[in-house]
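Visitor: I have a structure to look at and would like to talk through its aromatic rings. Can you take me through it?

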Amino acid sequence: MRLVVTLRSRQAVGPRAQISRIKMLDVEVRELMQAFVLSDYQVQEVYSRFCAEIAKGLKRSTHVQANTKCFPTYVQDLPTGDEMGKYLALDLGGTNFRVLLVSLKGHHDATVESQIYAVPKDLMVGPGVELFDHIAECLARFVEKHDMRNSHLPLGFTFSFPCEQIGLKEAILVRWTKGFGCPGVEGEDVGRLLHEAIQRRGDVEIAVVAILNDTTGTLMSCAHRNADCRVGVIVGTGCNACYVEDVANVDLLHPDFKRTQRQVLVNAEWGAFGESGQLDFLRTEYDREVDDTSINKSEQLFEKMTSGMYLGRLVRLVLIRAIQRKVLFKLSNRREHFATAMQKNEDVFETRYISEIESDSFPEFPKTRSIITELFGLEKASVEDCQKIRYICECVSKRAATLVAIGVSGLINRISNRRIVVGMDGSVYRYHPKFDAYMRYTMHKLVKSDKEFDIMLSEDGSGRGAALVAAVASKTK
């Protein structure tokens, strides 16, 4: 398949290059990681199961049983590039949130001013009304800072948690993820909760005109720059995708909407794929332990195999096992101490370490050795141990990229357009040195031969994309 536009340049990851210097590694570490290396049969089987699950999510008769809920977003129009005006965007999806003022100037041009605000840990699990009051307070401070207190400001709200959209500005929270657990929000319209918090203050004129997922924002942001973008994917703290679907295939849409529109963006909510056992034949003992110790056991299983919140935890568990089996640090008499140190905190091995280790230079391994010193207090780790740790990271990240590529391929093959661009964002995809290449390798196997695809990196999808949804909604209205 020919790639028409080269938007990202990555390392080759074909069968001979995909795992660095594997022949130099001993049999023990390869056996340890064998369960993470997916065969062609396993890839094809996951692809088939994923496509079947998407079809279930779109049909009203099977929607309740589906893991991938495929919620319609009620966003029907993609940006044209000529949108103009000032719009607010609010991006909540993790331990921080952003408020943005986006000035759209037409001709695909935009300027963005933004401010990051923290979500204190007690607010992540405290009463929902307190969380939304905190957000409203930060919005008011931002508006005052930019001297726009007397302006009427349309706002696009990126709320990156599983929601059932019942209108463009109405979204019911299905479940909290990513460490949030505020009571009083699940089953409620988050747009209404934000509106009520703004109204309680009474000091700003902000109208919530659209609620969207970060994947929708990514798709809209990329479509603003490339008219062929039809899929948006986030691989960061969480993992999810949205895509453009023919309204005839979306049973959950109101009939009136289907009569007047040809297409709609669908939020796949693919992080929940596997909750009915579809991924059990792939899940390792490490996947099960990560799930068992999570706050949402038996939920978001696909996300727990692909996203930044969990990849570091997986590598940590493998490292503990490798140390216990004397696969790592064979010559050290402090192995038990190393394993104990790794067991104290499930997030001690940060996901960013994976990207740093895989981008490290051989045979010096300065980044890897620095991480080993930080984690274990071990100076001058051997080249052999550095290679083994890199191989462990490669196996975990390549499996994640392969699974994401399977999902993306399934969505691309549903879309009638011959040429499709996939907009990507998220810290894992953005900073991992080979994630893009790992994905392309699998996509070339699965995307239909009559299609051309490419991948582009989003420019602030959660922020700029939210403003674009607000702009398109205002223009449509």
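Guide: We will go through some ring pairs and then one residue in a loop; the model is a predicted one.

Visitor: How many aromatic pairs are there in the whole structure?

Guide: A search of the whole structure gives 19 aromatic pairs. One of them is Tyr74 with Phe257, an edge-to-face pair with 5.3 Å centre to centre and 75° between the planes.

Visitor: Where do Tyr74 and Phe257 sit in the chain?

Guide: Tyr74 is in the loop between strand E1 (71-72) and strand E2 (84-92), while Phe257 belongs to helix H7 (residues 255-260). The two are 183 residues apart, so this pair links distant parts of the chain.

Visitor: Are Tyr74 and Phe257 buried or exposed?

Guide: Tyr74 and Phe257 are both buried. Another edge-to-face pair is Phe161 and Trp176, at 5.0 Å centre to centre and with 80° between the planes.

Visitor: Which parts does the pair of Phe161 and Trp176 tie together?

Guide: Phe161 lies in the loop between strand E5 (152-159) and strand E6 (163-167), and Trp176 in the loop between strand E7 (170-173) and helix H5 (190-201), so the pair ties together parts 15 residues apart in sequence. Phe161 is buried, as is Trp176.

Visitor: What lies over the face of Phe161?

Guide: Lys178 does, at 5.2 Å from the ring centre. Phe161 is also part of one aromatic cluster with Phe157, Phe159, Trp176 and Phe180.

Visitor: New topic. Why does Glu379 count as exposed?

Guide: Because its relative accessibility is 56%, and exposed means over 50%. Glu379 is in the loop between helix H13 (366-376) and helix H14 (383-412).

How values were computed
Residues numbered from 1 in each chain as written. Predicted model: local features only at pLDDT ≥ 70, side-chain atom pairs only at ≥ 80, totals over all residues. Heavy atoms only, no water. Phe/Tyr/Trp six-rings, centres within 6.5 Å; stacked < 30°, edge-to-face > 60°. Helix = DSSP H or I, 4+ residues; strand = E, 2+ residues; numbered from the N terminus. Buried < 20%, exposed > 50% of the residue type's maximum accessible area, 1.4 Å probe, protein only. Lys NZ or Arg CZ within 6 Å of the ring centre and 35° of its normal.
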